[in-house]
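Colleague: I am new to this structure and would like a close look at a single part of it. Please pick one helix and describe how it sits among its surroundings.

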Amino acid sequence: MSVAFDKVLDARGLACPMPIIKARQEINTLQPQNVLKVLSTDRGSVKDFQGWAQTAKNVELLAQETETENGKEVYVHYVKRVS
Amino acid sequence: MTKPEAQGTEWTVREQKEHLDRRANFFILDVRNRDEFAAWKIEGRETPSTLNIPYFEMLEQGGKDGFVESIIAYTQGELVGQLPKDRPILTVCAKGDTSAYVADGLRQLGYHALNLQGGMRAWGNFYEMNPVTESRELSVYQIGRPARGCLSYIIVSDGQAALIDPLRHIETYLDLARAKGFQIERVIDTHGHADHISGGPALAGRLDRPYYLHPYDGIHPIDVLPARVPFEYLHDGQTLSVGKARIQALHVPGHTLGNVACLLNEAYLFTGDSIFINSIARPDLGGRGETWAGLHYHSLRRLLELPDTTVVLPGHFSSPREANVDGLFIASLGELREKNEGLRIAQEGEDAFVQYILQSLPDFPPPYVEIKRVNGGLLVVDEEKASELELGKNVCALAQAYQAAAP
């Protein structure tokens with residue numbers, strides 16, 4: 001899948017709640033309409049990013065995908081700052 | 001962000017279980033996302049009052065930069081009056097990290113908050129052992145995973161043991177064998193499990209002892225591929241002995257094509273997934289529910305021919321409320337003949353039974369196809385993946401069992 005993004009947050013190896021907390025900090029440094037690509041190895045992040053995007057007023061979840069890297073699954077989330 | 005202090009501010013899953021068992025007065029704040037909470041939550045014979053607020057809602061609606069500061073702001077703004085001050089509040093999440101911050105925030109506001117160490121993952125992997133009977137001639141132990149509703153058994157006679165349906169964490173059984181001084185001689189799986197990863201092949205391999213399975217369950221029903229794990233063929237009527245105990249295999253297909261019940265000394269019936277306490281097994285996890293429902297009927301009728309005094313020891317439970325006062329999941333066949341809805345309907349004839357079964361099937365859990373692959377040695381997974389596949393409570397019984405279990 002090719003989703004255009006403006007910045008990457010590498011949250012691999014970080015346990016919950018860190019992927020969301022760091023994504024929230026990063027998104028607040030972006031310009032509106034810019035997209036953050038988040039990499040996480042925490043499987044729980046898939047549902048959590050969906051829930052967070054529904055809750056947060058300035059965030060839209062554009063896409064999610066799962067990649068395999070050296071036999072380990074990496075969960076990728078594309079998050080747009082809306083306003 | 002530094003992690004909150006652990007000392008005196010956490011419960012282990014064992015401590016939590018003790019509090020549940022003695023119906024202690026505490027409150028649960030579960031901060032997982034709403035889907036995970038809806039699928040699986042902490043239950044006891046009496047389940048404490050429980051509130052689910054996903055941590056990211058606290059973070060976002062609390063609106064502060066720091067997580068703990070957001071939790072404090074959210075609690076002061078939104079949760080006033082919803083959290084008790086007069087009893088402990090157990091905070092729960094998937095793995096126990098996030099809920100530690102939540103407990104920290106609540107304590108700063110004066111609540112008696114404790115974090116569940118290791119979260120739902122640790123709870124899912126927690127084991128409990130209860131003796132069914134204990135003597136030199138014959139001991140039977142029921143070993144279960146309370147959060148998942150999976151049950152396994154050890155039969156010991158004259159220092160020799162047979163394991164029935166051992167669960168994934170095989171150290172549990174090896175530790176018990178050392179502590180009680182018995183030798184594990186035989187390992188039996190009543191069937192190819194779909195809801196959990198069997199400890200059978202690993203234990204048999206470690207101890208160099210035979211692993212028994214009915215050959216029909218040596219074939220993955222969806223993939224139609226043969227197992228790559230070595231096993232001895234278990235067949236109907238076969239008798240295995242350990243010490244003075246004799247275990248007779250009864251082939252009772254239905255839940256799987258190779259499901260076997262084990263009758264010990266003509267007194268104890270290890271039903272595998274056929275008869276449970278409050279329900280019966282579903283026949284559709286192999287993808288052939290309509291075809292297998294009739295087999296299931298004839299198998300249950302066969303088991304119902306055993307004497308009323310036969311002690312039933314099931315492979316699963318659906319609710320902690322099915323336990324007796326000693327915490328055992330156990331009942332006489334005579335009692336179940338009257339009380340168990342599935343068995344009552346089996347006594348009404350095949351048509352009524354098949355109709356009842358096909359109207360009572362819960363959704364098919366997608367990981368179950370993969371778990372069967374793991375159990376047949378067709379797929380190898382690491383600890384992380386194994387825990388993910390096994391997440392939640394088993395769904396091997398009919399739907400009514402879970403409706404009845406809902407708080």
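Modeller: What follows is a description of helix 1 of chain B, and then of the chains around it. The model is predicted, and the values below are computed from it.

Helix 1 of chain B covers residues 13-21. Its buried residues are B:Val13, B:Gln16 and B:Lys17. Around the helix axis these three cover an arc of only 100°, which puts them on the same side of helix 1 of chain B. The general background is short: an α-helix has 3.6 residues a turn, so residues three or four places apart point the same way.

What do the buried residues of helix 1 of chain B pack against? Their partners are four strands and a helix of chain B: strand 1 (10-11), strand 4 (89-92), strand 5 (113-116), helix 6 (119-124) and strand 6 (128-133). Just past the end of helix 1 of chain B, B:Arg23 adopts a positive phi of about 50°.

The next point is the domains. Chain B is assigned domain 1, residues 10-123, and domain 2, residues 127-405. Their C-alpha centres are 34 Å apart. Nine residues of domain 1 of chain B and eleven residues of domain 2 of chain B take part in the contact between them. On the domain 1 side, helix 1 and helix 6 of chain B each supply at least two of the touching residues. By type, the domain 1 side divides into three nonpolar, one polar and five charged residues.

Strand 6 of chain B, one of the packing partners of helix 1, also belongs to a sheet. That sheet is open, has seven strands in the order 6-7-8-9-10-11-14 (chain B), and is mixed in its pairing. Strand 6 is at one edge of the sheet and strand 14 (232-233) of chain B is at the other, and each of them pairs on one side only. Within the sheet, strand 10 (residues 183-188) and strand 11 (residues 211-213) of chain B run parallel and are joined over two bridges. B:Val187 has B:Tyr211, in strand 11 of chain B, as its bridge partner.

For the chain as a whole, chain B has 15 helices and 20 strands. Its radius of gyration is 22 Å, close to the 22 Å that the globule rule gives for 407 residues, so chain B is as compact as a globular protein of that length. Along the principal axes, its C-alpha atoms fill a box of roughly 65 × 50 × 40 Å. Buried residues account for 50% of the 407 residues in chain B. Of the contacts in chain B with a separation of 6 or more, 64% join residues 24 or more positions apart.

Chain A has two helices and four strands, arranged from the N terminus as β-α-β-α-β-β. The radius of gyration of chain A is 12 Å, close to the 12 Å that the globule rule gives for 83 residues, so chain A is as compact as a globular protein of that length. Its C-alpha trace spans about 35 × 25 × 20 Å along the principal axes, and 35% of its 83 residues are buried.

The two chains also touch: 14 residues from chain A and 18 residues from chain B are in the contact. On the chain A side, helix 1 (18-27) and helix 2 (45-55) of chain A each supply at least two residues. Helix 2 of chain A gives the largest share of that side, five residues. The chain A side divides into seven nonpolar, three polar and four charged residues.

How values were computed. Residues numbered from 1 in each chain as written. Chains lettered and ligands numbered in written order. Predicted model: local features only at pLDDT ≥ 70, side-chain atom pairs only at ≥ 80, totals over all residues. Buried ≥ 20, exposed ≤ 12 C-beta atoms within 10 Å, placed from the backbone. Arc of directions from axis to C-beta. Contact = placed C-beta atoms within 7 Å. Nonpolar A, V, L, I, M, F, W, Y, C, P; charged D, E, K, R; others polar. Domains from an automatic or database assignment. Rg over C-alpha atoms; globule rule 2.2 N^0.38 Å. Pairing = 2+ DSSP bridges.
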